[in-house]
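This report turns to the ligand site and then to some features of the backbone. Please look at the sequence and the structure below before reading on.

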Amino acid sequence: MKPSIVWFRDDLRVADNPALRAAVDDGAAVALYVLDEESAGLRPHGGASRWWLHHSLLALRAELDKLGIPLVLRRGRAFEVVQELTTTPGAGALYWNRRYGAAERTVDAGIKAWAREAGLHVSSFQASLLHEPWNVTTKTGGQYKVFTPFWRTVSAQDFREPLPVPEAGHGYAGAMAESDDLESWSLLPTKPDWAGGLAQAWTPGAAAGHKRLARFVSEGLSNYSEGHNRPDTDGSSGLSPYLRWGELSPYEVWHALGEKRSESSSIFASELGWREFCWHQYFHNPQLATANLRPEFDRFPWAWPGSDGSNGREPGHDGAPREFRAWKKGITGFPLVDAGQRQLWTTGWMHNRVRMVAASFLVKNLGIHWQLGEQWFWDTLVDADPASNPANWQWVAGSGADASPFFRIFNPEGQRTKFDPQGKYIAHWIPEFGTPDYPEGIVDLKTTRAEALEAYKGMREVH
Ligand code: FAD
């Protein structure tokens with residue numbers, strides 16, 4: 001009997017996995033994961049993502065072992081890897097759960113066309129999103145650009161129940177294609193090994209994701225409407241990396257909330273809605289990380305990098321302005337921004353409220369292009385997501401869909417007293433706060449705010 005290959009991508013789980021289900025139903029499943037750093041247009045993983053991926057693949061292998069399904073790891077161009085594996089030793093079918101980035105879809109379409117031609121059975125499934133971006137359209141047939149009507153339409157649907165873990169005993173037992181040694185991919189940092197804090201904060205893998213989900217539903221959900229804005233408490237779910245890597249499916253999270261919706265569970269469900277909305281935008285705008293959704297922002301006079309190549313701020317040794325370095329290291333002298341940036345560097349995660357404040361400070365008080373912040377988050381977040389990261393940066397910058405208006409500029413000091421009233425979050429991340437070792441603010445909030453508003457006005461006046 002020829003094996004059926006299930007190609008894992010952003011769905012590193014055995015529960016609620018329709019592609020795996022299909023391969024198991026065929027009777028002889030083989031799992032494949034391809035580290036593709038060669039196909040055109042795929043965004044290379046950042047450092048924190050590589051760390052997460054390594055551990056997530058170990059966790060996936062352990063789960064597949066229990067089902068008796070071998071996992072083949074391959075590094076290379078996906079088309080060539082899949083072609084090789086399906087011809088020698090040969091496969092009868094190929095299954096995957098769909099991806100929604102343009103480059104990924106091009107790769108998948110090419111493989112699908114080739115495999116069908118070669119006589120293989122190929123099927124793909126909806127698993128990573130609650131909506132298919134091409135199926136959900138406005139009355140005029142276009143993409144949604146505003147969140148509320150988008151989510152009203154999507155959340156009115158009935159979402160299928162999650163699928164159970166398949167029963168063991170349907171793995172392929174014949175001669176298998178060789179697998180790469182995961183260590184040979186060098187996904188983990190070595191010199192220096194900066195991932196100690198990540199390992200302390202997180203356990204990648206579906207088992208840990210399910211545990212966190214269960215704990216959140218029983219202990220955190222009822223207070224979410226109050227708690228989720230407070231970085232000084234454990235008020236949000238911490239599920240983002242598990243959703244990013246598909247260790248948890250959105251169907252599992254949705255159904256874990258139960259049928260009856262409280263205010264807290266509706267707010268939480270709408271956060272899942274924002275995840276969907278980000279992917280909706282990304283599907284319709286594949287250049288989300290590199291192009292303003294509102295083209296008038298192409299004229300915005302950033303202090304850095306300047307549109308004429310000039311640098312409105314004094315450069316440090318790496319050519320970037322010193323302010324950018326201070327932002328990345330968490331030494332701007334604005335405690336909420338600094339605490340967030342240190343949390344990010346240490347744990348690979350930052351609280352949502354603080355992400356918004358840190359991003360606003362970079363874009364509006366330092367005048368630095370949102371794309372530079374987006375790239376830093378991409379490299380350092382364990383939940384770095386090809387849709388949610390750029391969509392949220394554009395939301396903060398005002399250049400995105402249904403974005404926060406540019407003139408709404410967060411005051412990091414006001415936000416600190418409001419959302420960390422006892423200073424617990426600051427004390428945790430900035431032990432030297434309140435001593436002479438903590439720096440003065442690197443900019444004047446009032447002046448830079450006025451400069452930002454002036455720049456915005458200028459952008460709108462130019463036709
Ligand atoms: P909860 O409050 O418990 O929310 C539950 C889930 O809903 C999250 O796990 C996440 O999957 C989703 N979610 C919540 N808020 C958003 C949002 N605004 N946009 C999209 N999905 C959301 N989220 C990422 O998953 N990856 C990113 O790369 C990312 N980059 C961001 C960059 C900036 C500048 C900002 C302001 C936000 C970004 N977010 C990103 C959104 C949000 O900050 C995180 O999803 C959230 O902090 C994760 O914590 P949580 O799981 O405890 O969230």
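## Polar contacts of the ligand

In this model, which is predicted, a polar atom in the side chain of Trp-349 lies 3.5 Å from an oxygen atom of the ligand. An oxygen atom of the ligand also lies 3.1 Å from a backbone N or O atom of Asp-385, while a nitrogen atom of the ligand is placed 3.0 Å from an N or O atom that belongs to the side chain of Asn-392.

Taken alone, the ligand would expose 820 Å², and of that area the protein buries 96%.

## The pocket and its shell

The ligand sits in the largest pocket. Two or more residues of the shell around the ligand come from each of four elements, namely helix H9 (240-244), helix H11 (263-284), helix H14 (352-365) and helix H16 (388-397). Of these, H11 gives the largest share of the shell, with 6 residues.

In total, 28 residues surround the ligand, and the closest of them are Tyr-224, Ser-236, Ser-237, Gly-238 and Asn-352. Sorted by class, the shell around the ligand is made up of 15 nonpolar, 8 polar and 5 charged residues.

## Position between domains

Where does the ligand lie with respect to domain 2 and domain 3? Domain 2 (129-160 + 205-284) and domain 3 (295-461) both give residues to the shell around the ligand, and the ligand therefore lies between them.

## Backbone features

Turning to the backbone, the peptide bond that joins Lys-191 and Pro-192 is cis, with omega at about 0°; Pro-192 is found in the loop that runs between helix H5 (147-155) and helix H6 (196-201). A cis peptide bond also leads from Trp-304 to Pro-305, where omega is near -15°, and Pro-305 lies in the loop between H11 and helix H12 (322-329).

Asp-16, a residue other than glycine, has a positive phi value, near 45°. Asp-16 is located in the loop between strand S1 (4-8) and helix H1 (18-26).

Notes:
Residues are numbered from 1 along each chain as its sequence is written. This is a predicted model: local features need pLDDT of at least 70, side-chain atom pairs count only at pLDDT 80 or more; totals for chains, interfaces and linings use all residues. Side-chain values use heavy atoms; hydrogens and water are left out. A residue is near a molecule or strand if one of its heavy atoms lies within 4 Å of it. A polar contact is a pair of N or O atoms within 3.5 Å; within protein, one must be able to donate a hydrogen and the other to accept it, and residues adjacent in sequence count only if both atoms are side-chain atoms. Accessible areas come from the Shrake-Rupley method with a 1.4 Å probe; for residues, only the protein chains shown count as cover. On a 1 Å grid over the protein atoms alone, a cavity is a set of points where a 1.4 Å probe fits but cannot get out, and a pocket is an open set with protein on both sides within 12 Å along at least five of seven lines; lining residues have an atom within 4 Å of a point. A molecule sits in a cavity or pocket if more than half of its atoms lie within 2 Å of its grid points. Ala, Val, Leu, Ile, Met, Phe, Trp, Tyr, Cys and Pro count as nonpolar, Asp, Glu, Lys and Arg as charged, and the others, Gly among them, as polar. Domain bounds come from an automatic or database domain assignment.
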